[in-house]
Every structure is written in structure tokens, then in C-alpha cells.
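Q: Got a minute to go through the side-chain contacts in this one? Charges to begin with, then rings.

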Amino acid sequence: MTKVTRSADDFSAWGVALALETALGKATMPRLLVALSIASIVFCGAIFGFFYAWVCSTMWGLDQADPRVAIAAMKAMNASVRNAVFFPAFFLTPVVLVLTAAAMRFAGQSLAAFWYLAAAAVYMVFGVFLTMAVNVPMNEALAVTPIPADIEAAREVWESYSGRWQFWNQVRAIASGIALIFAAFGLISRPTVPETV
């Protein structure tokens with residue numbers, strides 16, 4: 001039989017994992033980590049897809065439309081986006097990521113915990129905070145702007161809004177994509193539990 005040599009850090013990490021497995025059940029703990037990992041990827045993917053759709057279809061389509069129609073459509077979409085379907089992806093993604101990082105850390109899987117925590121940090125700064133600081137105020141300003149009857153005046157309003165809004169949305173999309181990649185790194189960096197010898 002081959003002897004497995006472990007450092008003091010290994011014993012400490014696996015000691016924490018063993019304690020959690022004892023409390024939750026040996027079969028439950030790995031399943032919980034996998035479930036949290038998958039949930040993190042799903043949530044990150046959902047919010048990345050949301051921002052990405054604005055980048056590659058919605059805003060480009062509105063830019064091609066009559067600016068009066070574009071302004072009215074954007075107002076309607078901004079008014080309707082705060083709903084029960086959007087809420088989990090936007091607000092709960094960092095919560096799920098932090099919970100996953102904590103579970104990984106308590107299970108002694110520090111590298112995986114690092115990636116999930118990094119994903120949470122990236123999304124919080126460039127997803128949630130950026131949206132609240134830039135995109136939401138822009139949307140609120142557009143909401144109270146009357147739609148000009150003159151097409152050229154409407155075009156000026158739309159162009160002053162669309163370019164800046166799209167730039168910051170692209171930043172959100174890129175950051176959410178990075179968070180998704182980090183979450184995937186967290187999943188694949190999970191070590192396999194060594195056999196007891």
C-alpha cells in the first residue's frame with residue numbers, strides 16, 4: 001500500500017471538511033458543494049446573458065429605429081425590468097457566489113473559494129455598483145425626458161443617451177463574463193478528496 005504524505009495544512013483543511021461531513025453527512029457535503037458551484041455558474045451565466053443581449057441586439061436595434069420609437073421603447077423596458085424574474089440574477093448572484101466561497105473555504109478548498117470570492121468581487125463592483133452609479137441614473141433621467149415630436153430633436157436626445165449607456169453596459173457585460181469564467185475556475189479547481197489510508 002502506498003503511503004500518502006500530508007502536510008499540517010492538509011490535515012487542517014481536511015479536518016474542517018471532515019467536521020462538516022460529520023455534521024451534514026458524508027454524502028451530503030460534496031453534493032452541497034457541487035450544487036452551490038452549479039448555482040453560481042447558472043446565476044453568473046444568467047446575468048452575463050442579460051447584459052450581453054443588450055450589447056449585441058437590443059441597443060443596436062434601437063439605434064436603427066426612429067429615435068422617437070427608440071426613446072419610448074427604452075423607457076418601457078427600463079420601467080418593466082425591475083421584476084421577479086430579473087431580481088434573482090441581478091441581486092442574488094453575489095450572494096450565491098459568497099455562499100459558495102464560504103462553503104468551499106469551510107470545506108478546506110481554498111483555491112475554489114478564492115475563485116468564487118473573486119467572481120463575487122468583480123460582479124459587485126462592475127455589475128451592481130456600476131449599474132447603480134451610472135446606468136440607473138441615466139435611465140431615470142431618460143424617464144422624465146419628454147419625447148420630442150421633431151425627429152432631429154429626438155435623435156439628439158437618443159444619441160446623447162445611447163452611446164454612453166452602451167459603453168457602460170459593455171463594461172458590465174465583460175465583467176459579468178469574467179465573473180462567469182472565475183466561477184467556472186472555481187468548479188474545476190475543486191480537489192478530489194484523497195482516500196483514507
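A: What follows covers salt bridges, aromatic pairs and a charge over a ring.

Q: What kind of model is it, and how are residues numbered?
A: It is a predicted model: local features need pLDDT of at least 70, side-chain atom pairs count only at pLDDT 80 or more, and totals for chains, interfaces and linings use all residues. Residues are numbered from 1 along each chain as its sequence is written, and side-chain values use heavy atoms, with hydrogens and water left out.

Q: How many salt bridges does a search of the whole structure find?
A: Two. The rule is a side-chain nitrogen of Lys or Arg within 4 Å of a carboxyl oxygen of Asp or Glu.

Q: Which residue does Asp66 bridge to?
A: Arg68, with the closest N and O atoms 2.8 Å apart.

Q: Is that Asp66 buried or exposed?
A: In between. Asp66 is partly exposed at 25% relative accessible area. Arg68 is also partly exposed, at 30%. Buried means under 20%, exposed over 50%, and partly exposed lies in between (1.4 Å probe, protein chains only).

Q: And what does Arg155 meet?
A: Glu152, in a salt bridge at 3.6 Å, N to O. Both sit in helix α7 (residues 151-188), three residues apart, so about one helical turn separates them. Helices are DSSP runs (H or I, at least four residues), numbered from the N terminus. Glu152 is partly exposed at 48%, and Arg155 is partly exposed at 30%.

Q: Switching to rings. How many aromatic pairs?
A: The count comes to 15. Rings of Phe, Tyr and Trp (its six-membered ring) pair if their centres lie within 6.5 Å; planes under 30 degrees apart are stacked, over 60 edge-to-face, the rest tilted.

Q: How are Phe48 and Tyr52 arranged?
A: Stacked: 5.7 Å centre to centre, 25 degrees between the planes. Both lie in helix α2 (residues 28-64), four residues apart, about one turn.

Q: What about Phe50 and Trp54?
A: Their centres are 6.2 Å apart and the planes are at 70 degrees, so this pair is edge-to-face. They too are four residues apart in helix α2. Trp54 is buried at 8%, whereas Phe50 is partly exposed at 25%.

Q: Which residues do ring pairs link into a cluster?
A: Phe50, Phe51, Trp54, Phe86, Phe87, Phe90, Phe91, Tyr123, Trp158, Tyr161 and Trp165.

Q: Last one: what sits over the ring of Trp165?
A: The charged end of Arg172, 5.3 Å from the ring centre. The cut-offs are NZ of Lys or CZ of Arg within 6 Å of the centre and within 35 degrees of the ring normal.

Methods:
Helix = DSSP H or I, 4+ residues; strand = E, 2+ residues; numbered from the N terminus.
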